[in-house]
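Let's take a walk through a protein model together. Have the sequence and the 3D view open, and we will go from one spot to the next.

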Amino acid sequence: MNLQSGTYYWPTTFPDAPSYPTLKGNVTCDVVIIGGGSSAAQCAYYLADRGLQVTVLEKGTIGSGSTSTNTAIIQYSGEKMFTALAHTFGEAYVGRHLKLLKEAIDEIEAASRHVDIDCEFRRRDTLYSASCHEDVDRLRNEYAFIKRHGIELDFWTQEDIEAKYPFSREAAIYSYNDGELNPYKFTHALFQYAGQQGVAVYEHTEMNGHRYDREQQRMMIYTKTGYEVSARYVIFAAGYENMDIRKEKQASFVSTYTVTTEKVKDFSSWYNRTLLWETARPYIYIRSTADNRIIIGGLDDNTTLPEERDSKLMHKKDKLIEDFNQMFPGIKVEPAFYSTAFYGGIVDGMPIVGKYDEFPNSYFLLAYGDNGTVYSQLLSKIIVQEIVEGDSPDLELYLQDRPLLKRSFI
């Protein structure tokens, strides 16, 4: 899958990132993780100290796929409002999902503090603004839903917004204790930690086949270099390239665009350096970085053709800069890096753990959506819990054959 093109900021922040060997022999283990991005790293992190033999296979280099274009805005709210999700799944179901998302953000922070590499995790508040008058009531209902489930947030009027920012919106939800992260450093940090606990990580080791051995009850993974890995369990955590292994009918893809600016000297007009996004579709989102750059992303396009996606990059780059300048006329920005990538979502708005009959003892981690890093943390923990403990009470919320509207989730 041709995932992305352009120039990438995150790898420049860690030019001396660790490298890993290529697999040069057959392996027998308890768990094999397919992939070397943030989802795979989060799985490896949770498995690292559980007394299991774990092997990671990455076809390229660690963090070189979608992780390099991940804007790593760490939020519990997503593109599909919780009120809309509740119409599909029921309020108790979505309330449990909301609680797990908040816990996942705490887990990301804890992991970033537990490793040796500075992952540039910072807690940030979020301003989620109404792009037009018709969206104000939707935002107000969303605010009431989240508030009802015990989350701290405020509903801001136009006067509140204008008192804090150089732009105006009719209304917004102001939420607390979201976050931002360097996803490239985070991925390398988790793999480094896992490696120190005995997890075997291999780069330039591409899977090109699999077979289930029913007699041994093990999955056999074959590599392009002619070796095999025998494992009791497989976690397919290859991001969007999971679709090349087993397509999920609920997954859908668009093209998205991102600009990272040169360093900015003055953030005084940007209240609390909040994360910024809006109700418009397609929308833009904005965050800052640890070295005082600004990441502006969005303007998603429905094309799934790489050449068409790439042909729009320069225009989208200019439009993202223009939109930012309209919001913050006092902050002068120049593009330093810009890229375009495929961006995956799930039709019903919830991430998926795929368990399919043709892949026994296997889990497909499909953390697709605008909260991919948070979804990955949540799903990784659930998958590892089921592997290690034999059961996870929250797994069935995310299986591909949901919803389970008749069950009460506490």
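A good place to begin is a hairpin: strands β14 and β15 form one, with five residues between them. In the turn, Asn292 has a positive phi of about 70°. Keep in mind as you look that this is a predicted model. The two strands of the hairpin run antiparallel, and five bridges join them. β14 covers residues 284-288, while β15 covers residues 294-301. To find one of the pairings yourself, start at Ser288, whose bridge partner in β15 is Ile294.

Now look at the side chains of β14. In a regular strand, side chains alternate between the two faces of the sheet. Here, Ile284, Ile286 and Ser288 point one way, and Tyr285 and Arg287 point the other way. Is β14 mostly covered or mostly open? The strand is mostly covered, with five of its five residues buried. Notice that this includes Arg287, which is buried along with the others.

Step back a little along the chain and you reach Pro282, in the loop between β13 (275-278) and β14. The peptide bond that joins Arg281 and Pro282 is cis, with omega at about 0°.

Asn292 is a reminder to look at backbone angles elsewhere, and two more residues are worth a stop. Asn177 has a phi near 60°, a positive value in a residue other than glycine. You will find Asn177 in strand β7, which spans residues 171-180. Its relative accessible area is 38%, so Asn177 is partly exposed. His204 also has a positive phi, near 50°, and is again a residue other than glycine. His204 is found in a loop, between β8 (200-202) and β9 (207-213). With a relative accessible area of 45%, His204 is partly exposed.

Next, let's turn to the helices. Two packed helices are described by the angle between their axes and the distance between the axes. Take α1 (residues 38-47) and α6 (residues 183-196): they pack at an angle of about 30°, and their axes are 8 Å apart. Because of that angle, α1 counts as roughly parallel to α6. The crossing of α1 past α6 is left-handed. Which residues make the contact? From α1 come Ser38, Ala40, Ala41, Gln42, Ala44 and Tyr45, and from α6 come Phe186, Thr187, Leu190, Phe191, Tyr193 and Ala194. Sorted by class, the contact of α1 with α6 has nine nonpolar residues, three polar ones and no charged ones.

How covered is α1 as a whole? Of its 10 residues, 10 are buried. Among them are Cys43, Tyr46 and Leu47.

Helix α6 has another neighbor to meet, α3 (residues 91-114). The axes of α3 and α6 come within 10 Å and cross at roughly 65°. α3 passes α6 in a left-handed crossing. On the α3 side, the contact uses Ile108, Ala111, Ser112 and His114, and on the α6 side it uses Phe186, Leu190 and Tyr193. The classes here are five nonpolar, two polar and no charged residues.

One residue helps to tie these helices together in your mind: Tyr45, which sits in α1. Leaving out residues up to four places away in sequence, Tyr45 touches Ala111, His114, Leu190 and Tyr193. Is Tyr45 buried or exposed? Its relative accessibility is 13%, so Tyr45 counts as buried. Tyr45 also shows how a chain can bring distant parts of its sequence together: Tyr45 and Lys381 are 336 residues apart in sequence, yet their C-alpha atoms are 9.3 Å apart in space.

Our last stop is helix α10 (residues 372-389), the place of Glu386. At 13% relative accessibility, Glu386 counts as buried. Beyond residues up to four places away in sequence, Glu386 touches Lys355, Tyr363, Asp391, Ser392 and Leu395. One of these, Ser392, lies in the segment after α10. Ser392 counts as buried because its relative accessibility is 4%. Setting aside residues up to four places away in sequence, Ser392 touches Ile382, Gln385 and Glu386. The C-alpha atoms of Ser392 and Ile382 are separated by 6.0 Å, although the two residues are 10 residues apart along the chain.

How values were computed. Residues are numbered from 1 along each chain as its sequence is written. This is a predicted model: local features need pLDDT of at least 70, side-chain atom pairs count only at pLDDT 80 or more; totals for chains, interfaces and linings use all residues. Side-chain values use heavy atoms; hydrogens and water are left out. Axes are lines fitted to C-alpha atoms, for helices over the stretch in contact, and angles run from 0 to 180 degrees between N-to-C directions. Helices (H or I, at least four residues) and strands (E, at least two) are DSSP runs, numbered from the N terminus. Angles under 35 degrees count as roughly parallel, over 145 as roughly antiparallel, 65 to 115 as roughly perpendicular and the rest as oblique. A crossing is left-handed if the near helix is turned anticlockwise from the far one by less than a right angle, and right-handed if clockwise. Contact means heavy atoms within 4.5 Å. Ala, Val, Leu, Ile, Met, Phe, Trp, Tyr, Cys and Pro count as nonpolar, Asp, Glu, Lys and Arg as charged, and the others, Gly among them, as polar. Buried means under 20% relative accessible area, exposed over 50%, partly exposed in between (1.4 Å probe, protein chains only). Two strands pair if DSSP finds at least two bridges between them.
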